[in-house]
Amino acid sequence: MFTLKLATNSSGARAGIFILLLTIILPFHQAYSARAAAGAGNANKPLEPIPAKLVVLTFDDSVRSHFDIARPILKKHGFSATFFITEGWDFRTNKQHYLSWKQIAQLHRDGFEIGNHTRDHLAIRDETVARLDEQLAGIETRCREHGIPSPITFAWPGNAFTTNAFDILRRHGIQFARRGGAPEFPYELGRGIAMEPGRDHPLLLPSAGDARPFWKLKDFVLAASQAKAGRPAILQFHGVPDIAHPWVSSMKEKFAAYMQYLADHDYQVIALRDLGRYVSPNVEPADSMAIIRTRQIRLKADPP
Ligand SMILES: [Zn+2]
């Protein structure tokens, strides 16, 4: 009896020690895993909790009014932003409607982020993905020539995307990529949804709104106010105004009112690269399209 009792006690003690060891080792292991996932850009810095009213501001297509109109308004409010640069359309010759590289370099020196939007504004699909490498390199070369760091964020041109581009984007050091509100929402209205970290792939982050010429303040508020704790809202703009792309233009006065709204309501306005403080670029969902399909089913059952 005594022997049996001793054996029971002894195995209980062994289990106790095992559990004790686990409670000591596990937190270290978890902390290490979180650090490993945080990525090179945020080495050894733990992620911060995502606050409410966190807005990522993005501007596409290298439009001249980004410098003349948006820049002073953003500086007045102390807002950051990402400018997604392409040399598409007649960028090289039409300096009335498009930024010069000198202006783009100044935006960088001002502290804004310069992101990659492909050299030729090429829609990246399975049929064109073989050209993505040269398209990214074209912008990287110009950045290097003008003292701008190689972009670590990307915006998919023309509302197209393919998951077959992910490896190429990663090889070029792209941490986050932004798409439009589609395919969950139709392109025309510029509607979208706030990103869901961990469920949205870091290279397929949705726009919560993509400003349209017919937008009123309430449309902008609908997009921005989706920014809740844990759900940053990425906002997409083109020119303010955009003479060369009138279907996505925002008039100066409207844009100024939108930015004033963000300032008056204590929004924190950051560039896409700054998302790395809150969201790991290396945590990817097992199925990058799953959240998109889930939303499509939900929106079909309950249209907005
Ligand atoms: Zn574009």
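Student: What is the mean pLDDT of the chain in this predicted model?

Tutor: The mean pLDDT is 90. Of the residues in the chain, 86% reach 70 or more.

Student: Where does pLDDT stay under 50?

Tutor: It stays under 50 over residues 1-13. For that stretch the model has zero contacts beyond four places in sequence. Over residues 15-41 the pLDDT is also below 50. That second stretch has 16 contacts beyond near neighbours in sequence.

Student: Why should low pLDDT matter to a reader?

Tutor: Where pLDDT is low, the predicted coordinates should not be read in detail.

Student: Let us turn to the helices. What makes α6 oblique to α7?

Tutor: Take the angle. Helix α6, residues 217-224, packs against helix α7, residues 252-264, at about 45 degrees. Angles under 35 degrees would be roughly parallel, and 65 to 115 roughly perpendicular. The value of about 45 degrees fits neither class, so α6 is oblique to α7. Their axes are 10 Å apart. The crossing is right-handed.

Student: Which residues make the contact?

Tutor: From α6 come L217, F220, V221 and A224. From α7 come A257, Y258, Y261 and L262.

Student: How many of the contact residues of α6 with α7 are nonpolar, polar or charged?

Tutor: Eight are nonpolar, with no polar and no charged residues. Tyr counts as nonpolar here, so Y258 and Y261 belong to that class.

Student: Now the loops. Why is D61 called buried?

Tutor: Count its neighbours. D61 has 26 other C-beta atoms within 10 Å. The cut-off for buried is 20 or more, so D61 is buried. D61 sits in the loop between β1 (54-60) and α2 (64-77).

Student: Is D266 buried or exposed, and how do you know?

Tutor: Count again. D266 has 8 other C-beta atoms within 10 Å. Exposed means 12 or fewer, so D266 is exposed. D266 lies in the loop between α7 and β8 (268-270).

Student: What is phi in D61, and what is phi in D266?

Tutor: D61 has a positive phi of about 85 degrees. In D266, phi is near 60 degrees, also positive. Neither D61 nor D266 is a glycine. Most residues other than glycine have a negative phi, and most peptide bonds are trans.

Student: Which peptide bond is cis at P183, and which at P241?

Tutor: A cis bond joins A182 and P183, with omega about 10 degrees. P183 is in the loop between β5 (176-178) and β6 (209-210). The bond from V240 to P241 is cis too, with omega near 10 degrees. P241 lies in the loop between β7 (233-237) and α7.

Technical notes. Residues are numbered from 1 along each chain as its sequence is written. This is a predicted model: local features need pLDDT of at least 70, side-chain atom pairs count only at pLDDT 80 or more; totals for chains, interfaces and linings use all residues. Axes are lines fitted to C-alpha atoms, for helices over the stretch in contact, and angles run from 0 to 180 degrees between N-to-C directions. Helices (H or I, at least four residues) and strands (E, at least two) are DSSP runs, numbered from the N terminus. Angles under 35 degrees count as roughly parallel, over 145 as roughly antiparallel, 65 to 115 as roughly perpendicular and the rest as oblique. A crossing is left-handed if the near helix is turned anticlockwise from the far one by less than a right angle, and right-handed if clockwise. Two residues are in contact if their C-beta atoms, placed from the backbone, lie within 7 Å. pLDDT is the predictor's confidence in each residue, from 0 to 100.
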